[in-house]
Amino acid sequence: MDEELRSVTERLRAESGGPEAYERLVATGDQDELAAILTEPGQPLWARELAAFRLGLAGDRRAFESLVLLLNHRDPPRCASAAYALARLGDPRTARAAAALATNELRVAYALHPVRLLVELRAPESVPALITTLRRRLRPHDPYRRVALACVEGLGALGDARAAPVLNEALAHPVLAEAAVRALARIPKRR
């Protein structure tokens, strides 16, 4: 069993109280049964998350909308599991959705996992979205330093020269300076 799947199933087992419905969802190989959970009214959140996660790992695009909603959830473990499944889903809409979530100022408190997902995807949307998000985090007294740090580290990992100006700006922020130095070192120098 995949380690992330094991972690998700253990967390959701505790959340569900271990009912028979939980055991059925963990054991089923029927993707149609899992997909039905996503659209049936009255399904608990743990069941929707488990069904979407399993479908995402299986590459079933019916999970996309549910996983994007979970990526923007207030509960970090749900965001992390959704990001993991979205990275494996293979849906071409994923990068655009992650970029929209990462750059949404009204939901910036939940942008950490969309930022990390963009880095993992290495999509055309990744660098512009991370630059936009980081630039906004460089305002004085911004409370979202974890998001800013994830952007700095992600831009370093992506190694795109377009990130150099905003990374140079990040050098002026003590919390980000060390990571910005490392990120700038990973960007190829122009000749």
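**Exercise 1. Helix α7 and its surroundings**

Determine how many of the nine residues of helix α7 (residues 94-102) are buried, and what this says about the place of the helix in the structure.

*Solution.* Seven of the nine residues of α7 are buried, so the helix is largely enclosed by the rest of the structure; the model in which this is seen is a predicted one. The next step is to name these residues, and the buried ones in α7 are T94, A95, A97, A98, A99, L101 and A102. For the cut-off, a residue counts as buried when its relative accessible area is under 20%. The last step is to ask what provides the cover, and the elements lying over the buried residues of α7 include α5, α6, α8 and α9.

**Exercise 2. A loop residue with contacts along the chain**

Decide whether N72 is buried or exposed, and find which residues it contacts once its neighbours within four places in sequence are left aside.

*Solution.* Begin with the location: N72 belongs to the loop that runs between α5 (64-71) and α6 (76-89). Its relative accessible area is 15%, and because buried means under 20%, N72 counts as buried. With the sequence neighbours within four places set aside, the residues in contact with N72 are C79, L101, R107 and Y110. One of these, L101, is itself among the buried residues of α7.

**Exercise 3. The largest pocket**

State the volume of the largest pocket, and work out which element gives the most to its lining.

*Solution.* The volume of the largest pocket is about 210 Å³. The lining is made of 13 residues, of which P76, A109, Y110, L112 and R146 are the closest to the centre of the pocket. Sorting the lining by element, those that give two or more residues are α6, α8 (112-121) and α10 (145-158). The largest share comes from α10, which supplies three residues. Y110, found here close to the pocket centre, was met above as a contact of N72.

**Exercise 4. Positive phi angles in two loops**

Find where R122 and H141 lie, and give the phi value of each.

*Solution.* As a reference for the backbone, most residues other than glycine have a negative phi. R122, which is not a glycine, has a positive phi of about 50 degrees, and this residue sits in the loop between α8 and α9 (126-137). H141 likewise has a positive value, with phi near 65 degrees, and its place is in the loop between α9 and α10. As for solvent, the relative accessible area of H141 is 78%, so H141 counts as exposed, the cut-off being over 50%.

**Exercise 5. E169 and its partners**

Determine which residues E169 touches, not counting residues up to four places away in sequence, and how far apart E169 and L138 are in space.

*Solution.* E169 is part of helix α11 (residues 164-170), and with a relative accessibility of 38% it counts as partly exposed. Outside the excluded neighbours, E169 touches R135 and L138. For the pair E169 and L138, the separation in sequence is 31 residues, while the C-alpha to C-alpha distance is 7.8 Å.

**Exercise 6. The protein as a whole**

State how many helices and strands the protein has, and what percentage of its residues count as buried.

*Solution.* The protein has twelve helices and zero strands. Of its 191 residues, 48% count as buried. Among contacts between residues at least 6 apart in sequence, 62% join residues at least 24 apart. Finally, for the charges, there are 28 positive and 24 negative side chains, and the centres of the two sets are 9 Å apart.

How values were computed. Residues are numbered from 1 along each chain as its sequence is written. This is a predicted model: local features need pLDDT of at least 70, side-chain atom pairs count only at pLDDT 80 or more; totals for chains, interfaces and linings use all residues. Side-chain values use heavy atoms; hydrogens and water are left out. Helices (H or I, at least four residues) and strands (E, at least two) are DSSP runs, numbered from the N terminus. Buried means under 20% relative accessible area, exposed over 50%, partly exposed in between (1.4 Å probe, protein chains only). Contact means heavy atoms within 4.5 Å. Lys and Arg count as positive and Asp and Glu as negative; His and the chain ends are not counted. The place of a charge is taken as NZ of Lys, CZ of Arg, CG of Asp or CD of Glu. On a 1 Å grid over the protein atoms alone, a cavity is a set of points where a 1.4 Å probe fits but cannot get out, and a pocket is an open set with protein on both sides within 12 Å along at least five of seven lines; lining residues have an atom within 4 Å of a point. Grid points are joined across faces, edges and corners, and a volume is the space filled by probe spheres set on the points.
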